[in-house]
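Below is a set of questions and answers on one protein chain. Each answer works towards the value or name asked for.

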Amino acid sequence: MTLTIEGKIYQGILEANDSAEAFASLLPTTLTMKELNENEKYIYLDQNIRKDEPTIPSSIKAGDLMLFSDNCVVFFYQDFTTNYSYVPLGHFDIDETFSQRVSKGNVLAAFSL
């Protein structure tokens, strides 16, 4: 899986679960993702893709792609801990400039296989 933002391509992997497969079935897609909490970008999809039970992760890593609720895709660009439940969708290998690239406002994110 790849993520393209501002012409820069990031390689990633999908998780081996049914929700990740449901997300992959939507690809390729370009999403306008909104800023939240100065550590993540999110978008609510028009359809529910959650097929697995969410859990509270031990930690969130920059590059994690998660599903919150039934249809909210979240991309994290900072490491942190959380009390919220998510279904993991995948992870992207990001570089040290990624946070600066995406931290201001909404971002246009192109996902593909």
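Q: Is Glu38 buried or exposed, and what is its relative accessible area?
A: This is a predicted model. Glu38 is found in the loop between S3 and strand S4 (40–44), and it has a positive phi of about 55° although it is not a glycine. Exposed means over 50% relative accessible area. Glu38 therefore counts as exposed, with a relative accessible area of 68%.

Q: Which class of exposure does Ser69 fall into?
A: Ser69 is found in the loop between S5 and S6. Its phi is positive, about 60°, although Ser69 is not a glycine. Buried means under 20% relative accessible area and exposed over 50%, with partly exposed in between. At 39% relative accessibility, Ser69 is therefore partly exposed.

Q: Which residues are joined by a cis peptide bond?
A: The omega angle of this bond is about 5°. One partner, Pro28, lies in the loop between H1 and S3. The cis bond joins Leu27 and Pro28.

Q: Which residues does Pro28 touch, not counting those up to four places away in sequence?
A: At 68% relative accessibility, Pro28 counts as exposed. The C-alpha atoms of Pro28 and Leu3, 25 residues apart along the chain, are separated by 10.0 Å. Beyond its sequence neighbours, Pro28 touches Phe111 and Ser112.

Q: In what order do helices and strands follow one another along the sequence?
A: The protein chain has two helices and eight strands. Read along the sequence, they give the pattern β-β-α-β-β-β-β-β-α-β.

Q: Why does the radius of gyration agree with that of a compact globule?
A: The C-alpha atoms fill a box of roughly 35 × 30 × 20 Å, taken along the principal axes. With 113 residues, a compact globule would have a radius of gyration near 13 Å. The two agree because the protein chain has a radius of gyration of 13 Å.

Q: Which residues touch the most other members of the largest nonpolar core?
A: Buried residues make up 43% of the 113 residues in the protein chain. The largest nonpolar core has 26 residues, and those touching the most other members are Leu3, Phe23, Met33, Leu65, Val73 and Phe111.

Q: Which elements each supply at least two residues of this core?
A: Both helices and several strands are on the list. The helices are H1 (18–24) and H2 (98–102). The strands are S1 (2–5), S3 (29–36), S5 (64–68), S6 (72–76), S7 (87–92) and S8 (107–112).

Q: Which residues does a second, separate core include?
A: This second core has seven residues. Among them are Ile60, Met66, Cys72 and Tyr86.

Q: What share of the contacts with a separation of 6 or more is between residues 24 or more positions apart?
A: Val73 gives a local picture of contacts: leaving aside neighbours within four places in sequence, its partners include Phe23, Met33, Ile49 and Leu89. For the protein chain, residues 24 or more positions apart account for a share of 65%.

Q: How far apart do the centres of the positive and negative side chains lie?
A: The protein chain exposes about 6,100 Å², with carbon and sulfur atoms supplying 46% of it. There are 8 positive and 16 negative side chains. The centres of these two sets lie 6 Å apart.

Conventions: Residues numbered from 1 in each chain as written. Predicted model: local features only at pLDDT ≥ 70, side-chain atom pairs only at ≥ 80, totals over all residues. Heavy atoms only, no water. Helix = DSSP H or I, 4+ residues; strand = E, 2+ residues; numbered from the N terminus. Rg over C-alpha atoms; globule rule 2.2 N^0.38 Å. Buried < 20%, exposed > 50% of the residue type's maximum accessible area, 1.4 Å probe, protein only. Contact = heavy atoms within 4.5 Å. Areas by Shrake-Rupley, 256 points an atom, 1.4 Å probe, with all protein chains shown as cover. Lys, Arg positive; Asp, Glu negative; His and termini not counted. Charge placed at Lys NZ, Arg CZ, Asp CG, Glu CD. Core = buried A, V, L, I, M, F, W, Y, C linked by side-chain atoms within 4.5 Å.
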